Amino acid sequence: MPAFLMHARELHRLGPANNDRLSAVRVALGVALPGLFLIVVGRPDLMLYAVFGALTGMYGRNEPHQLRLKHQAQAAWILVGGLTIGVFLSVNHIHSWWLVLVATLFAGAGSLYSDRVRLKPIGPFFGILALGACASVHTSVPFTTAVLIGAASAAFSILVGFAGWFRHRTWMVGAARDVPSLRGPLRQAALVHAARYSLAVSAAGAVGVLSGSGHPHWAMAAAAVPLAGADLPSRVHRGIHRIVGTFLGLVVVAVVLFPGPLSPLQYFPGHTAVVLAVVVMVFQFPTELFMARHYGWAMVFFTPVVLLIAQLAAPMDPGVLVMERAIETFVGAVVGIAVAVLVRAPRAKGVAATEQGA
């Protein structure tokens, strides 16, 4: 009962504010301007690639400019790398078990890389999400075009993140110095962390494929979420936040996509793609605004972002979309929590510091 009450309290507890509005503005700009460009050229259906590239702006939110530049460039490798692999799988019609295998390998390698360079947000979650989402929709443009859209969007977000330096022109000597290599117990902890990601992603993906769902990548992405926590309680909290926040976000998706007086689609007939693209751009701001303070609230807004860009790329029945997302998220988050509970890093000096700083 005490543990249950602790997790329940975490559902409505906001973390302290820390310059969240500025970070949210940077990320929103990184999404909005590429999105507006795609609307102007008549291709809002390609928002999928632009958004995943723009998520580069979520990294290094309160770091000095040169360190943010370094970390965002490193994060772009994971995001654009995941996007590139996903588009390759889509173009070559490689799905189902092959997708699970590739995502599993990517999750383990991405975890090691993220821990090595100390990325925050922690872990390869956004890369896994980009890989699965891009692999699961039909690519309506050439492979290189889709990848270039993602890479250009990532580059623009990096530029936005560094733009403040041109105003203040302050440079903190040594801020971007190399981090120590992972050795001894730290290396062992990183390997265990990577094993968690691989195990959770593979198990959730297998359940998704065996269940006959058309979107096993949602379960794989949800399984990766709890593992970004610094310790076991925070991993359980993140898993619960993922479930509750996604379910509330699905209510928002239903309001947008289902016919009704609250849906913006009812007031702009014939402009569905443009309306959905605008909603995506608007919702990215509150996503980043709450990301560091309350993961559950961030998911309320990020869930529509992810589902609507997928709907733009490959429209499907809204009822099926909402139902499958709910089931896959629940399954994936439960798998991720179970792996976090069952697979523990060895207790050794410095290990806890690695898991919190990874």
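What share of the contacts in the protein with a separation of 6 or more comes from residues 24 or more positions apart? In this predicted model, the figure is 81%. The protein has 14 helices and zero strands, so the pattern along the sequence is simply α-α-α-α-α-α-α-α-α-α-α-α-α-α. Of the 358 residues, 54% are buried. The accessible surface comes to about 15400 Å², and carbon and sulfur atoms hold 71% of that area.

A good place to start looking is helix α11, which runs over residues 272-291. Its 20 residues should span 28 Å at 1.5 Å a residue, and the end C-alpha atoms are indeed 28 Å apart. Plenty of names turn up on its buried list, including Val275, Leu276, Ala277, Val279, Val280, Met281 and Phe283. Further along, Gln284, Pro286, Thr287, Glu288 and Met291 are also buried. The cover over these residues includes α2, α3, α6 (125-135), α10 (232-257) and α12 (295-313).

Glu288 deserves a second look. The side chain of Glu288 meets that of Arg61 in a salt bridge, with 3.1 Å from N to O. Glu288 sits in α11 while Arg61 sits in the loop between α3 (47-54) and α4 (65-91), so the pair ties together parts that are 227 residues apart in sequence. Both partners are tucked away from the surface: Glu288 is buried with a relative accessible area of 1%, and Arg61 is buried with 13%. A search of the whole structure finds two salt bridges. The other partners are Arg43 and Asp45, whose closest N and O atoms are 2.8 Å apart. Arg43 counts as partly exposed, at 28% relative accessibility.

Helix α6 offers another buried spot, at Cys134. Cys134 counts as buried because its relative accessibility is 0%, and a residue needs to be under 20% for that label. Leaving aside neighbours within four places in sequence, Cys134 is in contact with Leu48, Tyr49 and Phe52, and also with Leu83, Gly86, Val87 and Ser90. Thr84 lies 50 residues from Cys134 in sequence, yet the two C-alpha atoms are 8.2 Å apart in space.

On the outside, Val25, Leu29, Leu33 and Leu36 make a nonpolar surface patch of about 310 Å². Leu33 belongs to helix α2, residues 20-40. An α-helix has 3.6 residues a turn, so residues three or four places apart point the same way. At 42% relative accessibility, Leu33 counts as partly exposed.

Next come α8 and α13. Helix α8 has 26 residues and reaches 37 Å from its first C-alpha to its last, close to the 38 Å expected at 1.5 Å a residue. After α8 comes Gly212, with a positive phi near 85 degrees. His215 is found in the loop between α8 (185-210) and α9 (216-224). Although it is a loop residue, His215 is buried, with a relative accessible area of 12%. Not counting residues up to four places away in sequence, His215 touches Met316, Glu324 and Glu328.

Helix α13 covers residues 318-342. Its 25 residues reach 36 Å from first C-alpha to last, close to the 36 Å expected. The N-terminal end of α13 is capped by Asp317, which places a side-chain oxygen 3.1 Å from the backbone nitrogen of Gly319.

A few loops show backbone quirks. In the loop between α4 and α5, His93 has a positive phi of about 55 degrees although it is not a glycine. His93 is exposed, with a relative accessible area of 58%. The loop between α5 and α6 holds Arg118, which is not a glycine either but has a positive phi of about 60 degrees. Pro121 is placed in the loop between α5 (96-117) and α6, and a cis peptide bond joins Lys120 to Pro121, with omega at about 5 degrees.

Conventions:
Residues numbered from 1 in each chain as written. Predicted model: local features only at pLDDT ≥ 70, side-chain atom pairs only at ≥ 80, totals over all residues. Heavy atoms only, no water. Helix = DSSP H or I, 4+ residues; strand = E, 2+ residues; numbered from the N terminus. Buried < 20%, exposed > 50% of the residue type's maximum accessible area, 1.4 Å probe, protein only. Contact = heavy atoms within 4.5 Å. Areas by Shrake-Rupley, 256 points an atom, 1.4 Å probe, with all protein chains shown as cover. Patch = residues over 30% accessible without salt bridge, like charges linked within 9 Å, V, L, I, M, F, W, Y side chains within 5 Å. Salt bridge = Lys/Arg side-chain N within 4 Å of Asp/Glu carboxyl O. Expected span 1.5 Å × (residues − 1). Polar contact = N/O pair within 3.5 Å; in protein donor to acceptor, adjacent residues only side chain to side chain.
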